[in-house]
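Work through the exercises below with the sequence and the structure open beside you. Try each task before reading its solution.

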Amino acid sequence: MRRTFVISLILLAAAAFGQQIHVPPTTRQTLDNGLTVILMEYRKVPIVYFRLVARGGSAQDPAGVEGVAGLTTALMREGTTTRSSTEISNTIDFIGGSLSVDAGLEYCAANSEVLAKDVDTGLDLFSDVILRPSFPDEEIERQRKQSLAGLDAVKENPRSIASITFSKNVYGGHPYGHQSFGTRSSLEMLTKRDLLEFYRKVFVPDNSILVVVGDFKVAEMHNKIRTAFGSWAAAGKVDLTLPPPAMLRGRKVVLVDKADATQTQIRVGNTGVDIKHPDYIAITVANTIFGGGFTSRLNDELRVKRSLTYGAGSGFAANLAGGSYSISTFTKNETIKETMDVILEELKKFREKGATREEREKAQNYMAGNFARSLQTPEALASRMTDIELYGFPKDYLETYIKKIKAVSLSDVQRAARTYFLLDDLLMVFVAPAQHIMPVAEPYGPVSVVDLKDAVQ
Amino acid sequence: MQMFMLAVFLVLAPTILFAQSIDTKEFMLKNGLKVVMVEDHTVPSVCFAIAFHVGSRNERQGITGISHLFEHMMFNGSKNYKPTVFDQILEAGGGYSNAYTSNDITFYYEEFNPDLLDKVLDMEADRMRSLKIDTSNLEQERGIVKEERRVSTDNNVRSKMFEDLYAASFVAHPYHNPVVGWMGDLNNITLQDARDYFKRFYAPNNATVIVVGDFDSKSLRPKMEKLFSSIPKQASPRQVNNAEPEQEGERRLMLHKAAELPAVAIGFKGAPVSSPDFYALQVVSAILSRGQSSRLYNKLVYEDEICTEIGAGMDEYIDPGLFSIFAQMQPGKKVADAEEDIYEILNEIAEKGVTDEELHKALNTVQTDYVGEFKTNVGIAGRLGYYEVVHGDYKTSFKVLDQYTKVTIDDIKRVVRQYLNDRKRTVIILVPEKSGESSSSTN
């Protein structure tokens, strides 16, 4: 494989070219119980894709009991009042479909893909796990054990350790730093009551958005949806309001000691902006120039010109109340200083001199092309549409996104570079053999060394 | 616009399948370059891909990894395009490029806005005709590939287990070697090796071009002829000889690495894609590990709770590859217990077969996977390219569901007995050590 990029998904919600984007028409309705239902006929392949998003996720986990959202969603497909876990698995596997429920930071999402011929079975199962999960005790214990083992497994992966450590430290005690999969102590104490409480608060129709994309007829699908979800009882919206995460002042180094690593994982960054920030689009263009595509400055300087890494990139992950900005790369332990010097020099240069007109245009075109191509699959279309509802983007968001990207001026880019690509206030995370790296790390700022066993608690 | 027709119909027995067709057109230039085209105007984008009939299977000891290293060198300039210009032009044209190398195939592709097609054709022809191969770009990519090896294998326990699994399973066939190459060989590849490699394997008669998306197939042919047909054809590369001897007993190895949880990787010599047994083994792998209701998952992860995860898969290779099973243990659980369960399940299938329901389920899974690959332009190009090189003809990809419907429960019993037995088995056991106890040097 030639390249890997560590770019946030939200950043990839990038935009297109000169040509017009034609998105298939949608219908939007609100059921009596408050459920927002959006349907899109899309017949490229004989598939139906269901996606339900419920507002509220791991950022709403109470302090000290991280993982409530994660454990609740993991259990939803492990038993309902009408089906056992095994029956659910047998049914979805038999039709060759997929069914999952996951917790994000600010929302939970249930997704299911089935062949069009199996749409009734698919919807029956999909609605069952959303409406009637029973959280059987033995399934809770099984999942608890799995999640605990998952905490061990993640420590084998230097990339995951680096990302988790970055997230935890950049957000400090802010809920955006929650480990969605929980911690050892929280997983051990979570009870069925916690899960039920979270489920009853979040999975309610007037707090949810249902999108269906694929090979069906709108009128028929509306009837099916009304039958399946019509009796779901309303219970009010979840309040997602959070204070914005505080920016980190000065420089700080966190060094996770992985004594056997021959390569150092590097994350550098700070807090960023919220997803509706007026500068967000300009920031995404600036970021594409700095660390977005293969020809971005970071990749060009670190990989192409110096062979220091296999890949380097940067991204702005944005949520409702704020986000983070991070630079990601890795290099052999011997060249960490050289790599860090290049990163800091590039940041400085970008802040001081900004970008050229050619770079801006290239970035805009690149983003536009990616955006247009991203609308090929039912799952991507469904995901974009739930985002529009969830974040309150304008209804013509997909059709106008490219235009907005194109409207970003060079001075917008320069301003974004100066304002959001911080240099003096930076968190730096290294996953490396501490003994080896310590002398290199110390000049960057106060270093806290974290033992591998404590890196993921 | 509807891209291809999938008529769904019911077959009485044994299962429900699609009649699938996709509208392809093809032509061949006089230098042997084959071109396959699929017009689809769903999104304003074109995917241009080239599949070369070469991979690590064509390598020899001493320069392992050259196929993949060479893949990197294809982006570093040619006669009329300076280094880095290729990607600059693509990204400025709303596109991107990428490539992958595997054992049997090297596949390049780029996606871009339709108005960039002529430029892309010119750049692609230029690099096929006159790629720049010099010391500076060889050294540049050597450094990058070594970092790639460090991130993907040396610092990744699971990849390391699989590297050992193939190295131990194959003693004569080049599947013994990792695609990324051994670190010592990456240091050993010379400029002359790279030049010879390009001449032999990157000739037009060793390649197939696949174009999918928003373009006009009628006007493509004259353009391709003008730009590509004067690139000289070369002697066909020598056929790879499969000298792999019959395995006559279990091979069992330990891997000591810094890790948290014990794990095991088991490989059995399987069947090549040209054999009907390949499809039967694919069905077996689905029955064993696709979804939570699969046999291995249900027993080891769900019921007995001794594993955190388990998976099985059959290599889709030109020569017989591995049917492999991977299991990661729950804390405190022993690999031996997982192995015992796995072998018991295999024995049970060998003796009693599987249920009709299990067979139907596997076939339904195959169908969904099949449909999924037609969602995007790059998905279609990738599928056609892989079938053209590995299965010998891209058109076989349209008949693959027929191959699966032919698989019977008796076939399943037979292939499990024949292939998945203890004589043909290689086992890698991960023995976790605390980080710091073991150290691996890879420089």
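**Exercise 1: A six-strand sheet and a helix across it**

In chain A, helix H10 (residues 280–292) lies across strands E9 and E10, and its direction makes an angle of about 160° with E9(A). The model is a predicted one.

Task: Find the order of the strands in the open sheet of chain A that contains E9 and E10, and name its edge strands.

Solution.
- Step 1. The order of the six strands is E9-E10-E8-E11-E7-E12, and the pairing is mixed.
- Step 2. Strand E9 (313–318) and strand E12 (447–451) of chain A are the edge strands, since each pairs on one side only.
- Step 3. From one strand to the next, the twist averages 20°.
- Step 4. Inside the sheet, strand E8 (residues 263–271) and strand E11 (residues 426–432) of chain A are joined by five bridges in the antiparallel sense. A:Arg267 has A:Val429 in E11(A) as its bridge partner.

**Exercise 2: The other six-strand sheet**

Task: Give the strand order of the open sheet of chain A that contains E5, and state which strands of this sheet have a single partner.

Solution.
- Step 1. The order is E1-E2-E6-E3-E5-E4 in chain A, again with mixed pairing.
- Step 2. Strand E1 (26–30) and E4 of chain A are at the edges with a single partner strand each, so one side of each has no neighbour in the sheet.
- Step 3. Ignoring direction, neighbouring strands are turned by 10° against each other on average.

**Exercise 3: Strand E5 of chain A**

Task: Describe the partners of E5(A) and decide whether its residues are buried or exposed.

Solution.
- Step 1. E5(A) pairs with strand E3 (residues 47–55) of chain A in the antiparallel sense, over nine bridges. In this pairing A:Ala54 stands opposite A:Cys108.
- Step 2. E5(A) also pairs with strand E4 (residues 98–103) of chain A, antiparallel and over six bridges. Here A:Ser98 has A:Glu113 as its bridge partner. A hairpin of three residues joins E4(A) to E5(A).
- Step 3. A residue counts as buried if 20 or more other C-beta atoms lie within 10 Å of its own. In E5(A), residues 107–115, nine of the nine residues are buried, so the strand is largely enclosed by the rest of the structure.
- Step 4. In a regular strand the side chains alternate between the two faces of the sheet. On one side of E5(A) are A:Tyr107, A:Ala109, A:Asn111, A:Glu113 and A:Leu115, and on the other A:Cys108, A:Ala110, A:Ser112 and A:Val114; all are buried, and both faces are covered.

**Exercise 4: Helix H13 of chain A**

Task: Follow the side of chain A that touches chain B, then list the helix contacts of H13(A) with H15(A) and H2(B).

Solution.
- Step 1. Between the chains, 60 residues of chain A are in contact with 63 residues of chain B. H13(A) supplies eight residues, the largest share of the chain A side. That side has 23 nonpolar, 19 polar and 18 charged residues.
- Step 2. The axes of H13(A) and helix H2 (residues 85–92) of chain B are 7 Å apart, at an angle of about 65°. A:Glu361, A:Lys362, A:Asn365 and A:Tyr366 of H13(A) meet B:Gln88, B:Glu91 and B:Ala92 of H2(B). By class, these are two nonpolar, two polar and three charged residues.
- Step 3. Within chain A, the axes of H13(A) and helix H15 (residues 397–406) come within 9 Å and cross at roughly 170°. The two helices are therefore roughly antiparallel. A:Gln364, A:Met367, A:Ala368 and A:Phe371 of H13(A) touch A:Tyr401, A:Ile402, A:Ile405 and A:Lys406 of H15(A). This contact has six nonpolar, one polar and one charged residues.

**Exercise 5: Helix H9 of chain B and the core**

Task: Classify the crossing of H9(B) with H12(B) and state what H9(B) gives to the largest nonpolar core.

Solution.
- Step 1. The axes of helix H9 (residues 276–289) and helix H12 (residues 356–372) of chain B come within 9 Å and cross at roughly 105°. H9(B) is therefore roughly perpendicular to H12(B).
- Step 2. B:Val283, B:Ala286 and B:Ile287 form the H9(B) part of the contact.
- Step 3. The largest nonpolar core has 274 residues, and B:Ala49, B:Val283 and B:Ala327 touch the most other members. H9(B) gives the most to this core, with nine residues.

How values were computed:
Residues are numbered from 1 along each chain as its sequence is written. Chains are lettered from A and ligands numbered from 1 in the order in which they are written. This is a predicted model: local features need pLDDT of at least 70, side-chain atom pairs count only at pLDDT 80 or more; totals for chains, interfaces and linings use all residues. A residue is buried if 20 or more other C-beta atoms lie within 10 Å of its own, exposed if 12 or fewer, and partly exposed in between; C-beta atoms are placed from the backbone. Helices (H or I, at least four residues) and strands (E, at least two) are DSSP runs, numbered from the N terminus. Two strands pair if DSSP finds at least two bridges between them. Axes are lines fitted to C-alpha atoms, for helices over the stretch in contact, and angles run from 0 to 180 degrees between N-to-C directions. Angles under 35 degrees count as roughly parallel, over 145 as roughly antiparallel, 65 to 115 as roughly perpendicular and the rest as oblique. Two residues are in contact if their C-beta atoms, placed from the backbone, lie within 7 Å. A nonpolar core is a set of buried Ala, Val, Leu, Ile, Met, Phe, Trp, Tyr and Cys residues joined through C-beta atoms within 7 Å. Ala, Val, Leu, Ile, Met, Phe, Trp, Tyr, Cys and Pro count as nonpolar, Asp, Glu, Lys and Arg as charged, and the others, Gly among them, as polar.
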